[in-house]
Protein chains: 2
Amino acid sequence: METLTVEQIAERIWLSIAERRLRPGMRLKEIELAEVFGVSRARVRQVLAMLERDGLVVIESNKGAVVAKPGVEDAKDIFHIRSAVEQRVLERLTGQLDAAKLVEMFEHVAKERIANNSNNQREIIKLSGGFHVMLAEMAEAEFLCGLMRDLVSRTSLITAAFRDSNKHNCGPDEHEEILLHLKNGDLGAAKKAMADHLEHVESELKLLQDRAPPKSLRDALV
Amino acid sequence: METLTVEQIAERIWLSIAERRLRPGMRLKEIELAEVFGVSRARVRQVLAMLERDGLVVIESNKGAVVAKPGVEDAKDIFHIRSAVEQRVLERLTGQLDAAKLVEMFEHVAKERIANNSNNQREIIKLSGGFHVMLAEMAEAEFLCGLMRDLVSRTSLITAAFRDSNKHNCGPDEHEEILLHLKNGDLGAAKKAMADHLEHVESELKLLQDRAPPKSLRDALV
DNA sequence: GCCATCATTATTGTTGACAATTATGTATAC
DNA sequence: GTATACATAATTGTCAACAATAATGATGGC
């Protein structure tokens, strides 16, 4: 059996959180993770540090790591900033686009569609987040790339935390629309489509925003 | 002698970069750092990982860490996103402000002024960055806080990389102006002052933006 | 003299054991 | 019965030795 890399383990945990198998507040003991993934504790430690920087877990000194519970206000901030970053990515993409990149992106959306049709949750989550990261990569903007990765995982956590059904995050149709505008060189339309897309994703969460914030006692009893 | 924490070491290295004692491209060998700070290599490793996530160093597998060299485009992206984040912080600050917080912030600006008058470079750097982080902390927005910390260190690196004189980053006067608008409850004016402030800082870098990008050969010979 | 190949050195990556800290359970006093 | 103090167990934090990898310098062939 191959030993997993730090990134692979981090992705598996991210997926577990996004799929709501790991719920906010759950403890992540180092030894357990080390046994599950068949790696040393030191490597688990690196993974947890990485997940912390992506906002998926919070680590308290001498207490260990738990899955983060984002607040409603945090969620709003994240969507707000994400919107700004996505707009910037589209701007930077202008002029950087060639045919090869376009076909690669359309292929990606095609994969998203296949995953959607076969209702493959794990692939849906990976690909729909991957689309936005790919956009940043195409722009060849290293800083935006890292930031987008961060924002996408944080968005996954929010979706997992504030949604009771686990429907797909964002559909391939809206992604494709953005691509079509980019292909036509219509930056303004692309930006508008992106804004609408994010607005759409956020709106499905808005319903839950005014529910009572769970007290530590209550959600321990759920 | 007390052993330094990870954060303390990271701050010292950050300051060295901001003060241009550590220049972009310089190697950071783990053993050297361990000896300099009198800590184990494992701890240095944590520090380097932290600095990498803040964009101050880049770590290549099996090659080690070097001080990052941000490109001009990266610099523009960072200022662009930072502007959006700062605006958001000010919005979130509305209603969260009480008298205690205000005096604390005015006191901070007073310290900045003292450092400026005595021309204490290290303090100037720490405090002028700290002002913006403090604003985010006052807003009690955890996500924005972390992001602001990240952006401030990245800005320090940019300033160090694209400026030949090491004058102060941003003066206390502009900081105080923002505070005055906040005190008066005039959010619009505060946001405008903040935008002008960032624009001002960025403009001092703009002069150098169109200089030739250094080829690896050339800047090796400098 | 120049280039390729190989040995040496220096540096990073990984691991397991040990120390420090926190949580849990138990007994005792009131 | 409840609460406090203590002992035990579980968990995280730290370190130093070992392995793997890449940079450096030496050697031989052409």
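How many helices and how many strands are there in chain A? Colleagues, the model before us is a predicted one, and in it chain A has ten helices and three strands. Read from the N terminus, their order is α-β-α-α-β-β-α-α-α-α-α-α-α.

Allow me to stay with chain A for a moment. The chain has 222 residues, and 47% of them count as buried. Its accessible surface comes to about 11600 Å², with carbon and sulfur atoms contributing 51% of that area. As for its contacts with a separation of 6 or more, 73% are between residues 24 or more positions apart.

I turn now to DNA strand D. Which residues come nearest to this strand? There are 15 residues around DNA strand D, and those that come nearest are Lys29(A), Arg41(A), Arg45(A), Asn62(A) and Lys63(B). On the DNA side, sugar and phosphate make up 71% of the strand D atoms that come within 4 Å of the protein.

Several phosphate contacts can be described individually. In Lys29(A), a side-chain N or O atom is 2.5 Å from a phosphate oxygen of DNA strand D. Glu30(A) takes part through its backbone, where a polar atom is 3.3 Å from a phosphate oxygen of the strand. From chain B, Arg43(B) places a polar side-chain atom 3.2 Å from a phosphate oxygen of DNA strand D. The elements giving two or more residues to the surface near this strand are strand E1 (27-28) and helix H3 (41-53) in chain A, and helix H3 (41-53) in chain B.

Finally, the composition of that surface: eight residues are charged, five are polar and two are nonpolar.

Terms used:
Residues numbered from 1 in each chain as written. Chains lettered and ligands numbered in written order. Predicted model: local features only at pLDDT ≥ 70, side-chain atom pairs only at ≥ 80, totals over all residues. Heavy atoms only, no water. Near = heavy atom within 4 Å. Polar contact = N/O pair within 3.5 Å; in protein donor to acceptor, adjacent residues only side chain to side chain. Helix = DSSP H or I, 4+ residues; strand = E, 2+ residues; numbered from the N terminus. Nonpolar A, V, L, I, M, F, W, Y, C, P; charged D, E, K, R; others polar. Buried < 20%, exposed > 50% of the residue type's maximum accessible area, 1.4 Å probe, protein only. Contact = heavy atoms within 4.5 Å. Areas by Shrake-Rupley, 256 points an atom, 1.4 Å probe, with all protein chains shown as cover.
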